[in-house]
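Reader: Before we discuss this model, could you take me through the terms used for it and set each value against its definition?

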Amino acid sequence: MRYFSSESVTEGHPDKMCDQISDALLDAFLAGDKGSRCAIESLSAGNMIHVAGEVTSSTDVDVEKVVRDLVRSIGYTKQSFGIDADGFDWHLSLGKQSPDIAHGVDQALESRDGSSRDPYDALGAGDQGIMFGYATNETDSYMPTPLWLAHRLAQQLSVARKTGLVDYLRPDGKTQVTIGLDNGKPVEVNTVVISTQHHPNIDHEQIAEDVKKHVIFPMLELVDLDSSQTRYLINPSGDFVTGGPDGDAGLTGRKIIVDTYGGAARHGGGAFSGKDPTKVDRSAAYALRWVVKNAVAAGLADKMEIQVSYAIGTAHPVSIFVETFGTEKVNVDRIEKAVLDTFDLRPRAIIEELNLLNTPYLPTAAYGHFGRADLDLPWERLNRVEELRQASGL
């Protein structure tokens, strides 16, 4: 037996709060101007929030109102909870996108050097970088089991708080799941760790009992795994009263493994939240999830990872690399060719195919960007399965 662990965090975790602030603002700018270029970062420490970055847009957004409304919706309505939505100190440092970057995005290298073959060559990548996509058939969501379950626990922790099932909970919280693997297949839930913020003077045994009853056990019923010997670690450090930004500073983009595949796949390092889809850190990572989910669903492999790289200001990817971990059903070279024949991975094509200028990003900013059965995300749709099967000769 081997063991693999992944973690998630609640929407009230300070880093996740900052991700949501950045994406709430991105949604607001895109709602008023689909051509908005945004790279929005948020920082929270104590009873203070600072929003910074670059925005070029024709629309006006009441940034402070968006931020205060978002913080209030999470449940941070008193400073004793970690931050007060109506009373935190406020700082704003938003400039405009660099004209040098804008030039390369608006007029890609292919259109500047005469090699352009169609309108999709006009839009260049907003930065260089490497992006990854991953999928596995071990769950119905094509996500790795430890992360999928960690996300569900984090969501249920928030549900228990907001519905009053456990009325002494506060917004901050983290989950972690260790899964036992037999020959690579998930077979048991080895350990569940939950750390949840709570009101003062709540007995630890009461917290453990309530969290098991209202959070853990309902979610374990969703997986066909042995939990007879599961170890439960609930608030193992003791009291967790001080939380949110009052306990730890928060920053956009600091939960990139939580956002993606829980460590089961590699990561290129680029965060998602606050970035409009001309930034391939976001749009290409979404496209690659779309690619591999369809490929695994098509039966090309049991699990698959794909890497694509871009150069700033160019439309076409620089490279593509497929990894199937020895689970491929056809030759990997044929899989790569099938991917290239089936998907157009130029930024403008990605944006159009996945409708990325009309997709709300705020809902993705907590509980994962992938494998979300509760959201109708374009990159989660299985709409290229037959094309991949035909292109690969399967």
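**Two loop residues and a pocket**

Author: This is a predicted model, in which local features need pLDDT of at least 70 and side-chain atom pairs count only at pLDDT 80 or more, while totals for chains, interfaces and linings use all residues. Residues are numbered from 1 along each chain as its sequence is written, and side-chain values use heavy atoms, with hydrogens and water left out.

Reader: Why does Y142 count as buried?

Author: Buried means under 20% relative accessible area, exposed over 50%, and partly exposed in between, with a 1.4 Å probe and protein chains only. Y142 has a relative accessibility of 16% and therefore counts as buried.

Reader: Why is F325 called partly exposed?

Author: The relative accessible area of F325 is 36%, so this residue is partly exposed.

Reader: What makes the phi of Y142 notable for a residue that is not a glycine?

Author: Most residues other than glycine have a negative phi. Y142, although not a glycine, has a positive phi of about 60°, and F325, also not a glycine, has a positive phi of about 55°.

Reader: What makes up the lining of the largest pocket, by class?

Author: The lining has 8 nonpolar, 6 polar and 5 charged residues, where Ala, Val, Leu, Ile, Met, Phe, Trp, Tyr, Cys and Pro count as nonpolar, Asp, Glu, Lys and Arg as charged, and the others, Gly among them, as polar.
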